Amino acid sequence: MSTAIRSIRSASMVLAQANIDTDRIIPARFLSTTTRTGLGKHAFADWRKKSDGSEDPDFVFNLPENVGRAILIAGRNFGCGSSREHAPWALTDAGLRAVISSQVADIFRANALKNGLVPVVLDEDVVQGLMQRPDDELEIDIAAGELRTPSGAVHVFPLDAFARTCLLEGVDELGYLLARDADITRYESSRTPEFRHGL
Amino acid sequence: MPTPKTLFDKLWDAHVVVPETAEAPAVLYIDLHLVHEVTSPQAFTELQARGLKPRRPDRTKATLDHSTPTLPAGADGRLPYASTQSEAQVEALRRNCAEHGIELFDLGDARRGIVHVVAPELGLTQPGLTIVCGDSHTSTHGAFGALAFGIGSSEVGHVLATQCLLQRKPKSLAITIDGPLGPGVSAKDVVLHVIGQIGVNGGTGHVIEFRGSTVRAMSMEQRMTVCNMAIEAGARAGLVAPDATTFDWLANTPRAPQDEAFDEAVGHWLELASDPDAVFDREVHIDARAIRPTLTWGTHPGTAIAVDQRVPAPTDSAEAKAQAYMGLAAGAPIAGTPVDVVFVGSCTNGRLSDLRDVARVLDGRHVHPRVRMLVVPGSEQVKREAEAEGIDAIVRAAGAEWREPGCSMCIAMNGDLVAPGQLAVSTSNRNFEGRQGPGARTLLASALTAAACAVAGAVADVRELEAATEAA
Ligand code: SF4
């Protein structure tokens, strides 16, 4: 059961690059785990460390002013690539609650929402504008589907009605599906012959 | 008159348990759930925590591929796992499958291999099914006219527990490819070219149906290569309508319906095509005659150029960064770039026809001394069939390594790595920074091109290599 989220208030971290893929977010060598937890320290592993293995002090995650920031602003097509849910697990474990981009890849978006990581999709020029002011405290209002800036600008972002309810009420999708058991049983017994054969 | 439907509409409609509304997504039924060791342990843990059992273990099939070594067991009888964690993942899947009565193609099983290679070769992948796996390249199975897509680990749990998923219906995109393929041009070149045209986010939010004379002329293996990389265009799934080519493939598989049931199934499968007047949300046309052997120069699969082209000038800072990472200079011809590693394998190009392509190029030639070449069959079956044809002997004689089946250097989590800074030509599907190992640089290409590069020790045009042989 995920916990309810009504709003997120935070300054941001900026990764001004398009097509940040899930191998970037969490490299494959960290997927040899059988749990969901503890991946935060490996988020963007190959960007936050230098080739000698030491932390790169210039990487956004390592800048002292960014400690505790819960919003990441990234270039277009964030989260493309693999279906690994380890990507949102790593980001939320690292303290992120929302990702702002002009496009978020399909599987990543679905995975993010299941883990209370809110994808905020806005026009590219709006995203570019937000990238210029990472220190502004932004407010993401889930119920209204709005992102508000300290200067009073309000940007509406699309949020599927079901996703919104799940975030606001902490609805658990598996519980929702389990409650459809009678429908699923009816469907299984009503299948047309071409789908009935064994595997 | 009923509204004309696309193939995707037909597949979707047939699997809706509860229709979608403004408030809630559809409940969609899943016919076949494929499972591997990397994305499933957390889902099984979730089930256990809630006291749930898999609803349809009979519709769930598991294999081991991502973490498994491609080197045989050592003198002590132990497999050379990359880490104890990798071995623990394999053990976890074994335990979960045994506990819940799920069929597992385990190490040592003649049916084991990369999940997207084994399900089609067993005939588990059939037209008209919905197929999911905690793996983005599940799109591969769309080559059979199945609606197949990748899901996250939470959703793996949803399907295990309920055989259903909550889904909003994606949009439809028709990509029509017409014309014959030139010499040395394969399905991989076609799909790299397509992604180069529409971009790595060109298919986002869409299910792509690949159509046209080029696609109809393709073998099942070629169609799988194309659908496999639909996800690299951001698409939810790729599809090809089933036809005689599909049925011929399935007729030779153990898990497809047999005898009379097969004929009956074909009758149903023939209906799985887009109606002539069906409307797609978007359409794209590609002229296959324009496609040449194609490689990538950057750090995403949309950076495709023909082998005889030059690395383009970067159009933004991301492209400049990608070129710096790749060590490629704008304006330089891609051909002639020195190559350190060649990897042939993966669910994109690790099938028998790919290994035949490699053998065709390597026969009587030698891998360049600078190059380390790995040839990794996609499955035990592919390995057996290739060895029966003597492909392993040709590969070894040429100085390349012939390995055990698995994902290997495609994802580089089993210990098969490209070293930092090395340049690899790979038949896999992702050239992301560090995909094949930290600091590794990847050019994606077809099996033919990869083999030609291995021989030349540099990016090479397979057409020139083969023309030179014919002239000699
Ligand atoms: S071969 Fe590569 S892309 Fe295919 S399933 Fe394995 S890791 Fe994924």
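The largest pocket of this predicted model has a volume of about 920 Å³. Its lining comprises 30 residues. Asp106(A), Arg109(A), Leu113(A), Asp160(A) and Arg168(B) lie nearest the pocket centre. Both chains contribute elements with two or more lining residues: α4 (106-114), β5 (118-121) and α6 (161-169) come from chain A, and β8 (164-167) comes from chain B. Helix α4(A) provides the largest share, 5 residues. By class, the lining of this pocket holds 14 nonpolar, 10 charged and 6 polar residues.

The ligand occupies another site. The space it takes is the largest cavity. Its shell is formed by residues of chain B. Three histidines, His66(B), His116(B) and His137(B), belong to this shell. So do the cysteines Cys347(B), Cys407(B) and Cys410(B). Ile114(B), Ile411(B), Ser346(B), Asn429(B), Asp135(B) and Arg435(B) complete the surround. The shell divides into 5 nonpolar, 5 polar and 2 charged residues. Two domains of chain B take part in the ligand shell: domain 1 (7-167) and domain 2 (308-471) each supply at least three residues.

Chain A, which carries α4, β5 and α6 of the pocket lining, contains 8 helices and 8 strands. The C-alpha trace of chain A spans about 60 × 45 × 25 Å along its principal axes. Of the 199 residues in chain A, 58% are buried.

Notes:
Residues numbered from 1 in each chain as written. Chains lettered and ligands numbered in written order. Predicted model: local features only at pLDDT ≥ 70, side-chain atom pairs only at ≥ 80, totals over all residues. Heavy atoms only, no water. Near = heavy atom within 4 Å. 1 Å grid on protein atoms, 1.4 Å probe; cavity = no way out; pocket = protein on both sides within 12 Å on 5 of 7 lines; lining within 4 Å. Sits in = over half its atoms within 2 Å of the grid points. Nonpolar A, V, L, I, M, F, W, Y, C, P; charged D, E, K, R; others polar. Domains from an automatic or database assignment. Points joined across faces, edges and corners; volume = space filled by probe spheres on them. Helix = DSSP H or I, 4+ residues; strand = E, 2+ residues; numbered from the N terminus. Buried < 20%, exposed > 50% of the residue type's maximum accessible area, 1.4 Å probe, protein only.
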